[in-house]
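Me: Hi! I have a protein open on my screen and would love some help finding my way around. Could we go through it together?

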Amino acid sequence: MKKLLKNKNTSYNDSGVSSVVGAIIMVSVVVVMATIAGAFVMGVLTIPEPAPTTTISTEDMNNQEISLIHEGGDTVKTEDLRIIIYNLDGEQENNRIDIDKEEIAEETDKSEWSSGERISIQINEIQVDQGDRVDIRIMHTPSETTIYSELKTT
């Protein structure tokens, strides 16, 4: 049997592989970028409205109402707010108030809430006793963001 000898003058050139792989990657990146740009143009993807930057505090709280004051920052439309008040120590069946934009408009009689203004929320729908822990949250509904959260004790 004859041994097959390798020809020392023969060389393997595999540099063409890397240029093909590079071209495939470049084409796929361009296709992905075009798809994302097209989705924004066609309205499939939307950029959510940013949440307002505000400073809010609880000014006064008793078993009948909570007074919230807008201390500074962006003016907020009251139609964009949702207020959730939850008595952590109350009875299970009657311990939460969820106030939507219509109820906020009725209670406050304002379309906007700006710096220095107060909002008083009636909480007589739930039982709040002295020493109860009450969780207060204000949500900005278009951005689905909590803009205020505080745990207070009556």
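**A charged pair to start with**

Reply: Happy to! Let's begin with one residue: Arg 118 has a relative accessible area of 44%, so Arg 118 counts as partly exposed. Keep in mind that this is a predicted model.

Me: OK, which residue does Arg 118 form a salt bridge with?

Reply: The partner is Glu 59, and the closest N and O atoms are 2.4 Å apart. In general, side chains of opposite charge can pair when their charged atoms come close.

Me: And where do Glu 59 and Arg 118 lie?

Reply: Glu 59 lies in strand 1 and Arg 118 in strand 7, so the pair ties together parts that are 59 residues apart in sequence. Glu 59 is partly exposed too, because its relative accessibility is 40%.

Me: How many salt bridges does a search of the whole structure find?

Reply: Six salt bridges turn up. One of them joins Arg 82 and Asp 98, with 2.5 Å between the closest N and O atoms. That pair links distant parts of the chain: Arg 82 is in strand 4 (residues 81–87) and Asp 98 is in strand 5 (residues 96–99), 16 residues apart.

Me: Which residues are linked in a network with Arg 82?

Reply: Arg 96 and Asp 98 are linked with Arg 82 in a network of salt bridges. As for accessibility, Arg 82 is partly exposed at 31%, and Asp 98 is partly exposed at 31%.

Me: What about Glu 150, which side chain does that one meet in a salt bridge?

Reply: Glu 150 meets Lys 152, at 3.8 Å from N to O. Glu 150 counts as partly exposed at 24% relative accessibility, and Lys 152 is partly exposed at 24%.

Me: Let's switch to the strands. What is the order of the open sheet of three strands?

Reply: The order is 1-2-7, and the pairing is antiparallel. Strand 1 (54–61) and strand 7 (118–122) are the edge strands, since each pairs on one side only. On average, neighbouring strands of this sheet are turned by 25 degrees against each other, direction ignored.

Me: What holds paired strands together, in general?

Reply: Strands of a sheet pair through backbone hydrogen bonds, either parallel or antiparallel. Here, strand 2 (residues 65–73) and strand 7 pair in the antiparallel sense over five bridges. If you want a spot to click on, Ile 66 stands opposite Ile 121 in strand 7.

Me: Found them. Which strand does strand 8 pair with?

Reply: Strand 8 (residues 133–140) pairs with strand 9 (residues 145–153), in the antiparallel sense and over eight bridges. Arg 137 has Ser 149 in strand 9 as its bridge partner.

Me: And how many residues are between the strands in that hairpin?

Reply: The hairpin of strand 8 and strand 9 has four residues between the strands, and Glu 144 in this hairpin takes a positive phi near 55 degrees.

Me: New topic: is Thr 54 buried or exposed?

Reply: Thr 54 is buried: its relative accessible area is 15%, and buried means under 20%. You can find Thr 54 in strand 1. Leaving aside neighbours within four places in sequence, Thr 54 is in contact with His 70, Gly 72, Gly 73, Asp 74, Val 76 and Ile 147.

Me: Now the opposite kind of place. Which residues form a nonpolar patch on the surface?

Reply: Those are Val 21, Ile 25, Val 29 and Met 33, with about 370 Å² of accessible area together. Met 33 sits in helix 1 (residues 15–42). Met 33 counts as exposed because its relative accessibility is 56%, and the cut-off for exposed is over 50%.

Me: Can you zoom out for me? How many helices and strands does the protein have?

Reply: There are two helices and nine strands. Along the sequence they follow the pattern α-β-β-β-β-β-α-β-β-β-β.

Me: And how many of the residues count as buried?

Reply: Of the 154 residues, 28% count as buried. The protein exposes about 10800 Å², and carbon and sulfur atoms supply 52% of that area.

Me: One last thing: what do residues 24 or more positions apart account for?

Reply: They account for 60% of the contacts in the protein with a separation of 6 or more. For an example of parts far apart in sequence, go back to Glu 59 and Arg 118, which are 59 residues apart.

Terms used: Residues are numbered from 1 along each chain as its sequence is written. This is a predicted model: local features need pLDDT of at least 70, side-chain atom pairs count only at pLDDT 80 or more; totals for chains, interfaces and linings use all residues. Side-chain values use heavy atoms; hydrogens and water are left out. Patches are made of residues with over 30% relative accessible area and no salt bridge: like charges are joined within 9 Å, nonpolar side chains (Val, Leu, Ile, Met, Phe, Trp, Tyr) within 5 Å. Accessible areas come from the Shrake-Rupley method with a 1.4 Å probe; for residues, only the protein chains shown count as cover. A salt bridge is a side-chain nitrogen of Lys or Arg within 4 Å of a carboxyl oxygen of Asp or Glu. Buried means under 20% relative accessible area, exposed over 50%, partly exposed in between (1.4 Å probe, protein chains only). Two strands pair if DSSP finds at least two bridges between them. Axes are lines fitted to C-alpha atoms, for helices over the stretch in contact, and angles run from 0 to 180 degrees between N-to-C directions. Contact means heavy atoms within 4.5 Å.
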